[in-house]
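Work through the exercises below with the sequence and the model open. Try each task before you read its solution.

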Amino acid sequence: MPAVTDTGFVEMRLGKVVGIGSAEDDVSCVVVLDGVSEDRHLQIQIGDTEAFGLSCTLTGVEFARPMSPQFAAGLLRALGGRLRQVRIDRLTPVPAGGTLEVEGAAGVELVDARPSDALNLVALVPAPIFVARDVLAAAEAERQGDSAEAILLRRALEAEQMTIRRDDAG
């Protein structure tokens, strides 16, 4: 069986989660993936809740009770499963679609997932992340120009990691 990198995918890793403000005081959350062996980047807009959870994981903030990604990771482990890889493999009406390759007692199964959910899980249960070259090409094309979306995506590359702080003072 050929490796995923031989069939049109680029290996990437979680880079950061950023919040970018707009002139209308809206904040858009973006996760940035960085190429492992290629100088490529993929920015994916994600929801506030997913960005909050991913940012907490990436910066080491923990909670007394599990959030949904921690629950999913615990369930995967409890069932004896293993996350083999995450693929961002298709363009859909939202920025991209993802597939989790999970190995368990029944063998290897492919599980459809939103990229934000897949990335939240892979932050907790490390596995390789692969992005289809056509998804990268479409994202790179989307970053070009002067549209509000293109400007947001370019700003995400320059922004610092979102930081969540706990206020334990009361």
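**Exercise 1. A residue in strand 4**

Is R87 buried or exposed?

Solution. The model is predicted: local features need pLDDT of at least 70, side-chain atom pairs count only at pLDDT 80 or more, and totals for chains, interfaces and linings use all residues. Residues are numbered from 1 along each chain as its sequence is written, and side-chain values use heavy atoms, with hydrogens and water left out.

Step 1. Fix the cut-offs: buried is under 20% relative accessible area, exposed is over 50%, and partly exposed is in between (1.4 Å probe, protein chains only).
Step 2. Read the value. R87 has a relative accessible area of 12%, so R87 is buried.
Step 3. Place the residue. R87 lies in strand 4, residues 82-90.
Step 4. Look along the chain. M12 is 75 residues from R87 in sequence, yet their C-alpha atoms are 9.7 Å apart.

**Exercise 2. The overall layout**

Describe the order of the elements and how much of the protein is covered.

Solution.
Step 1. Define the elements. Helices (H or I, at least four residues) and strands (E, at least two) are DSSP runs, numbered from the N terminus.
Step 2. Count them. The protein has five helices and seven strands.
Step 3. Read the order from the N terminus: β-β-β-α-α-β-β-β-α-β-α-α.
Step 4. Check burial. Of the 170 residues, 40% count as buried.
Step 5. Check the surface. Accessible areas come from the Shrake-Rupley method with a 1.4 Å probe; for residues, only the protein chains shown count as cover. The total is about 9600 Å², and carbon and sulfur atoms hold 52% of that.
Step 6. Check contact range. A contact means heavy atoms within 4.5 Å. Take contacts between residues at least 6 apart in sequence: 57% of them join residues at least 24 apart.

**Exercise 3. Helix 3 and its neighbours**

Work out how helix 3 packs against helix 1 and helix 2.

Solution.
Step 1. Start with helix 3 itself, residues 115-124. Seven of its 10 residues are buried. They are P115, S116, A118, L119, N120, L121 and V122.
Step 2. Set the geometry rules. Axes are lines fitted to C-alpha atoms, for helices over the stretch in contact, and angles run from 0 to 180 degrees between N-to-C directions.
Step 3. Take helix 1. Its axis is 10 Å from that of helix 3, at an angle of about 15°. Helix 1 and helix 3 are therefore roughly parallel (under 35 degrees; over 145 is roughly antiparallel, 65 to 115 roughly perpendicular, the rest oblique).
Step 4. Assign the hand. Helix 1 passes helix 3 in a left-handed crossing. Left-handed means the near helix is turned anticlockwise from the far one by less than a right angle; right-handed means clockwise.
Step 5. List the contact. Helix 1 gives E50, G53, L54 and T57, while helix 3 gives S116, D117, L119, N120, A123 and L124.
Step 6. Repeat for helix 2. The axes of helix 2 and helix 3 come within 9 Å and cross at roughly 60°. This crossing is right-handed. P69, Q70, A72, A73 and R77 of helix 2 meet N120, L121 and L124 of helix 3.

**Exercise 4. S55**

Which residues does S55 touch, not counting residues up to four places away in sequence?

Solution.
Step 1. Locate S55: it lies in helix 1.
Step 2. Grade it. S55 has 0% relative accessibility and counts as buried.
Step 3. List the partners: V17, Q161, M162, T163 and I164, with residues up to four places away left out.

**Exercise 5. The aromatic pair**

Why is the pair of F52 and F63 called tilted?

Solution.
Step 1. State the rule. Rings of Phe, Tyr and Trp (its six-membered ring) pair if their centres lie within 6.5 Å; planes under 30 degrees apart are stacked, over 60 edge-to-face and the rest tilted.
Step 2. Count. The rule gives one aromatic pair.
Step 3. Apply it. The ring centres of F52 and F63 are 5.9 Å apart and the planes stand at 40°, so the pair is tilted.
Step 4. Place the rings. F52 is in helix 1 (residues 48-59), and F63, 11 residues away, is in the loop between helix 1 and helix 2 (68-78).
Step 5. Grade exposure. F52 is partly exposed at 30% relative accessible area, and F63 is partly exposed at 36%.
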